[in-house]
Amino acid sequence: MMMLFAGGVLFAYAGMLALCQGLERHYKQVWNRTCPPAVRRVLRAAGWLALLLSLVLCAQAWGWAMGPVAWFAVMSLAGLVLVMLLPYWPRLAVGLVGLLPAWGGLQVFA
Amino acid sequence: MKNTFTQSMAWLHTWGGLVFGWLLFAIFVTGTLAVFDKELNHWMQPEIPASGVSQADAARRAIGYLQTHEAQAGNWGVSLPTERSPGLRVSTGDRRHGTAVHLDPHSGEAIDVRDSVGGNFFFRFHFTLDLPRNWGIFVVGALALVMLAALVTGIVIHKKLFKEFFTFRPNKGQRSWLDFHNASAVLLLPFHLMITYTGLVIFMLIYIPAGVDALFAGDNRAYFQAQGNGRLEQPRGQARQPGQLTDVVPLLAQAEAALGPISGFNIRNPNTAGARIEIRPELGNRIALSKGQAMVFDGVSGKLLSDVTEWRAAPLTQRVMVGLHFAQFGGYPMRWLYFVCGAISCVMIASGLVLFCVKRGRKYATASADASARRWYRVAEVCNIGFVAGLLLACVGLLWASRLLPVELAHREGWEVRAFFGVWLLALLHAGIRPARRAWVEQLGLTALLCVGLGVFGGLADGLRQGVVACAGVLGVLLGMVAWRVQHAAPAPLKGRAGRSVEAGA
Amino acid sequence: MIQAPAWLQILSRSSAALLGGYALSYAASACLARLLPLPPADAVIVATLPAFVFYTAAILWAFASRDAWRAWAPLAAAVPLALVGFWPQALEWLA
């Protein structure tokens, strides 16, 4: 259950990060250059997809009644963590998404 | 009220938020603490042993105790050890008003446990502000309505809700406070709206009895009956004849198979032919609040007399909404999600209160400002400190009082409550006499110290108590960091007369 | 036209919000309860659940309306709604 919960959290964070980076001002905040429109579209699509996957994982952890409740909370909190990290440690805020493949590895191999 | 719609809404949000925000902060803090009310109960009564006993054994020992000491009582109540509440309690008489005796689950003997309001105090304060129950429910309901209006007006006036969704610019004074207030509010908007509206739904028929007035001529009992809550016939005649009580344990197993984990049971008319055993599920096996549900068995034959029925769509909807507020479902991970979301909503409210003063500090804190405005600004400033930092101090103060007050003190619970309000009052007075910045630092710092210091009381034999102390420790560290930040923040520069820079703040 | 002093305006609009809002929510719930094609016990619940949406709307209206008189519009709106909600009782009272 905790692994599914963790996965839900990480996908929510990744989704929020992607949607955030899809916005001009925040892309510039991290990378100090403008964002090509194609990249922006990919980021937004990836962001929504990640949020959807987060919902699925929360539902796996709690069932489809309680899962969506947890999903809203997880999205909100992940978004807040991102917003607090971004101005202080922008590269770290982005780098945290690396926990997602690590989680994926654990799921597959452990 | 003002020239444009947005301006009127901004006015409403600002002044409604300020005046009612002080009490709303208290409601949100105590509500957040109430998420762990049972864990706090357990910590505040260290005499309760950590269990390890099965519910079946505990039930047998409880009934053994009751047979020995209360064989003639009309009603036995037993609260079984559960994951969150490891104690074993027995009582006679009405559930809400009967006194409970704590038993050692291993021996079945009565143990002396200090009287304490427990974490239940925060739960009760949350929906009554410690006023008499019916008054308190209305006052808190009105405040919840103001909160709803504050949320909606906040959305209306936040013109760049999507553009600034992820925006937070620290170290820019007023701009940062507004950014944080917006971020914490917008990102957690689903939580804020949900918790506020569901809070109102809990007592909605007390607030707006229109439906019952129109369709049932105001007759509440008729309304409850119409919902299908017909009570089982009470066996008056049989209750006078003696009877042999059946073994409860297999009935507990049967109930658990149907309802999920069990929290306790009642035996009406024990040791008579009319004995009835009502078994209650733990709240939280589903979102919908199952308060009041029970499986009823015949106390002599063990036959199932009344099963829990599935609710129809309308009452189910209400119970789900109430359940979303009560947050008893989903296990500890969900409970922690609610706790963190609740804590952030408290910070959201506090940031709004602080923003009010930060925004107007320049205008009203200097000697050149209008004297009456300066006085009101000072009132707002003092209330901010007293109702935010002061309330937090009072909460941890209650925990300290529960351990410091003598165990044998008469009316101990009353003294604990007095300690809570006493600390709060002192904090307000302290805020009145100290310069604002120092008052913040001193109160937040002391709260942090007391939170971190909870461990000195020991009694950390089990996970629940360790969890309470650890969580308090983390909160203490965070509050300490805030206090440190406030102390070392550069005072906002002022432009005095003739363009000279003057520093504001103490 | 002479503007009423600020505190009076605030008091008036706050009263309109509190009382007019209550009247509107109460009447709307009664009206809904009467009109919904559900068993009475269910109708009571479904009619009361949205009450606080109406109340909040009335509060916002009370402060957004162009003048303090219009702020009381929710109270006026409550009258026909209450009539619908309580028409059996109204008929009885008239008879």
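**Exercise 1. The contact between chains C and B**

How many residues does the contact take from chain C, and how many from chain B? Then work out which parts of chain C do the touching.

*Solution.* Keep in mind that this is a predicted model.

- Step 1: Start with the two sides. Chain C puts 29 residues into the contact, and chain B puts in 30 residues.
- Step 2: Look for the helices on the chain C side. Helix H1 (6-35), helix H2 (40-48) and helix H3 (51-64) of chain C each bring at least two residues to the side that touches chain B.
- Step 3: Pick out the top contributor. That's H2(C), which gives the most, with nine residues.
- Step 4: Sort that side of chain C by class. You get 20 nonpolar, six polar and three charged residues.

**Exercise 2. Chain B as a whole**

Before zooming in, get a feel for chain B: how many helices and strands does chain B have, and what percentage of its residues is buried?

*Solution.*

- Step 1: Count the elements. Chain B has 17 helices and nine strands.
- Step 2: Check the extent. The C-alpha trace of chain B spans about 95 × 55 × 35 Å along its principal axes.
- Step 3: Check burial. Of the 506 residues in chain B, 44% are buried.
- Step 4: See how far apart in sequence the contacts reach. Take the chain B contacts between residues at least 6 apart in sequence: 68% of them join residues at least 24 apart.

**Exercise 3. Walking across the sheet**

Trace the open sheet of chain B from edge to edge, then find the helices that pack on it. Which strands sit at the edges?

*Solution.*

- Step 1: Write down the strand order. The seven strands run S3-S2-S1-S4-S5-S6-S7 in chain B, with antiparallel pairing.
- Step 2: Spot the edges. Strand S3 (100-103) and strand S7 (304-306) of chain B each pair on one side only.
- Step 3: Note the twist, which averages 25° from one strand to the next.
- Step 4: Add the helices. Helix H3 (residues 55-69) of chain B packs on the sheet and touches strand S1 (75-79), strand S2 (88-92), S3 and strand S4 (262-268), with its direction at about 35° to that of S2(B). Helix H11 (residues 248-259) of chain B also packs on the sheet, touching S4, S5 and S6 of chain B, and its direction makes about 40° with that of S5(B).
- Step 5: Check some pairings. S1(B) and S2(B) run antiparallel and are joined by four bridges; here B:Trp76 stands opposite B:Thr92 in S2(B). Four bridges also join S2(B) to S3(B), again antiparallel, and B:Val90 faces B:Val101 in S3(B).
- Step 6: Move to S5 (residues 276-281) and S6 (residues 295-298) of chain B, an antiparallel pair with four bridges. B:Glu278 has B:Val296 in S6(B) as its bridge partner.

**Exercise 4. Finding the cores**

Locate the largest nonpolar core, and say why it lies between two domains of chain B.

*Solution.*

- Step 1: Size it up. The largest nonpolar core has 182 residues, and those with the most contacts inside it are A:Ala70, A:Val74, A:Leu82, B:Phe25, B:Leu391 and C:Ala27.
- Step 2: Find the biggest contributor. Helix H3 (residues 37-85) of chain A supplies the largest share, 19 residues.
- Step 3: Bring in the domains. Domain 1 (5-42 + 121-187 + 327-503) and domain 2 (51-113 + 229-308) of chain B both give residues to this core, so it lies between them.
- Step 4: Zoom in on C:Ala27. Leaving aside neighbours within four places in sequence, C:Ala27 contacts C:Ala78, C:Leu81, C:Ala82 and C:Gly85.
- Step 5: Don't miss the second, separate core. It has 29 residues, including B:Leu88, B:Phe265, B:Ile267 and B:Ile277.

Conventions: Residues are numbered from 1 along each chain as its sequence is written. Chains are lettered from A and ligands numbered from 1 in the order in which they are written. This is a predicted model: local features need pLDDT of at least 70, side-chain atom pairs count only at pLDDT 80 or more; totals for chains, interfaces and linings use all residues. Two residues are in contact if their C-beta atoms, placed from the backbone, lie within 7 Å. Ala, Val, Leu, Ile, Met, Phe, Trp, Tyr, Cys and Pro count as nonpolar, Asp, Glu, Lys and Arg as charged, and the others, Gly among them, as polar. Two strands pair if DSSP finds at least two bridges between them. Axes are lines fitted to C-alpha atoms, for helices over the stretch in contact, and angles run from 0 to 180 degrees between N-to-C directions. A nonpolar core is a set of buried Ala, Val, Leu, Ile, Met, Phe, Trp, Tyr and Cys residues joined through C-beta atoms within 7 Å. A residue is buried if 20 or more other C-beta atoms lie within 10 Å of its own, exposed if 12 or fewer, and partly exposed in between; C-beta atoms are placed from the backbone. Domain bounds come from an automatic or database domain assignment.
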